[in-house]
Amino acid sequence: MTKVIEKLDIEKSDSKLTELLLDQDTNNILIRGFFDEDKVALTFFTIGKLSEYNNGTVVIGNTTVTNEREFLEKGLCEPIPHINLQDTFRIGDLSVRFTKWNKHKDSPFNWNDDFAIFHPVQSVLYSDKNCNDFKKVLSNSKAKKNILLTTNDFCTHPEKLYDEVDAVLILDTTMLDDKHKEKFNIIKKNLTDQGKKLPY
């Protein structure tokens, strides 16, 4: 049964994610939140602090390696070299490579990985077929921990993955600073204008 975690600020999220990463009974973690770069920063910062974690894979969805590299650079606030699916690169003390999730529908992968970060996952949630295919790929990942990061997380679609994960962490950085507060107010207004509620 999935344990849904309350919304936590960045400091408490770091502590909770550390706890989940060290918990041997937790394999799949879903991280939600309105601010995409903050989720990337939290994930790599927390993993990078733990000596148990050294190598892993970023499993990308309907995007390119170039776009994903640029996205990671924004979240990590550091340059990442131009790479392709065959390359391994360094983020701090972590050894990381890329793969595409749709290459792994029929066989296990990530056998020797300490972690696998699935990002972005949002696009697979709009189609039942893609979502079912993604769930199959997630079950094929043999990394010690699978971490799923949402993007543009303004609806309830990620709840389709709740049965596939052991924990849901909602990173709340809406009040982090004036820039975050302003963006959150825009998100809230846009949803209200569309007759929708905040997803969390």
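Q: Which relative accessible area makes a residue count as buried?
A: This is a predicted model, with residues numbered from 1 along each chain as its sequence is written. Local features need pLDDT of at least 70, side-chain atom pairs count only at pLDDT 80 or more, totals for chains, interfaces and linings use all residues, and side-chain values use heavy atoms, leaving out hydrogens and water. With a 1.4 Å probe and protein chains only, exposed is over 50% and partly exposed is in between, while buried means under 20%.

Q: How many helices and strands does the protein have?
A: Helices (H or I, at least four residues) and strands (E, at least two) are DSSP runs, numbered from the N terminus. Starting at that end, the elements go β-α-β-α-β-α-β-β-β-α-β-β-α. That comes to five helices and eight strands.

Q: What is the radius of gyration of the protein?
A: The C-alpha atoms fit a box of roughly 45 × 35 × 35 Å along the principal axes, and 50% of the 200 residues count as buried. The globule rule (2.2 Å times the number of residues to the power 0.38, with the radius taken over C-alpha atoms) gives 16 Å for 200 residues. The protein is as compact as a globular protein of that length, because its radius of gyration is close to that, at 16 Å.

Q: How wide an arc do the buried residues of α3 cover around the axis?
A: Helix α3 has 12 residues, 65-76, and spans 16 Å from first to last C-alpha, close to the expected 16 Å (1.5 Å times one less than its number of residues). Its buried residues are Val65, Glu68, Arg69, Leu72, Gly75 and Leu76. They sit on the same side of α3, because their arc (from the directions between the helix axis and the C-beta atoms) is only 125 degrees.

Q: Which elements do the buried residues of α3 pack against?
A: Contact here means heavy atoms within 4.5 Å. After the helix comes Cys77, with a positive phi near 55 degrees. The packing partners of the buried α3 residues are α2 (36-49), β3 (55-60), β4 (88-91) and β5 (94-100).

Q: Which element gives the most residues to the largest nonpolar core?
A: A nonpolar core is a set of buried Ala, Val, Leu, Ile, Met, Phe, Trp, Tyr and Cys residues joined through side-chain atoms within 4.5 Å. The largest has 32 residues, with Leu21, Phe44, Ile47, Leu72, Val96 and Phe98 making the most contacts inside it. The top contributor, with four residues, is α2.

Q: Which side chain is joined to that of His119 by a polar contact?
A: His119 sits in the loop between β6 (115-118) and α4 (128-140), and counts as buried because its relative accessibility is 2%. A polar contact is a pair of N or O atoms within 3.5 Å; within protein, one must be able to donate a hydrogen and the other to accept it, and residues adjacent in sequence count only if both atoms are side-chain atoms. At 2.7 Å, the partner of His119 is Glu68.

Q: Is Leu85 buried or partly exposed?
A: Leu85 belongs to the loop between α3 and β4. Not counting residues up to four places away in sequence, Leu85 touches Val65, Phe98, Thr99, Lys100 and Lys103. Because its relative accessibility is 23%, Leu85 counts as partly exposed.
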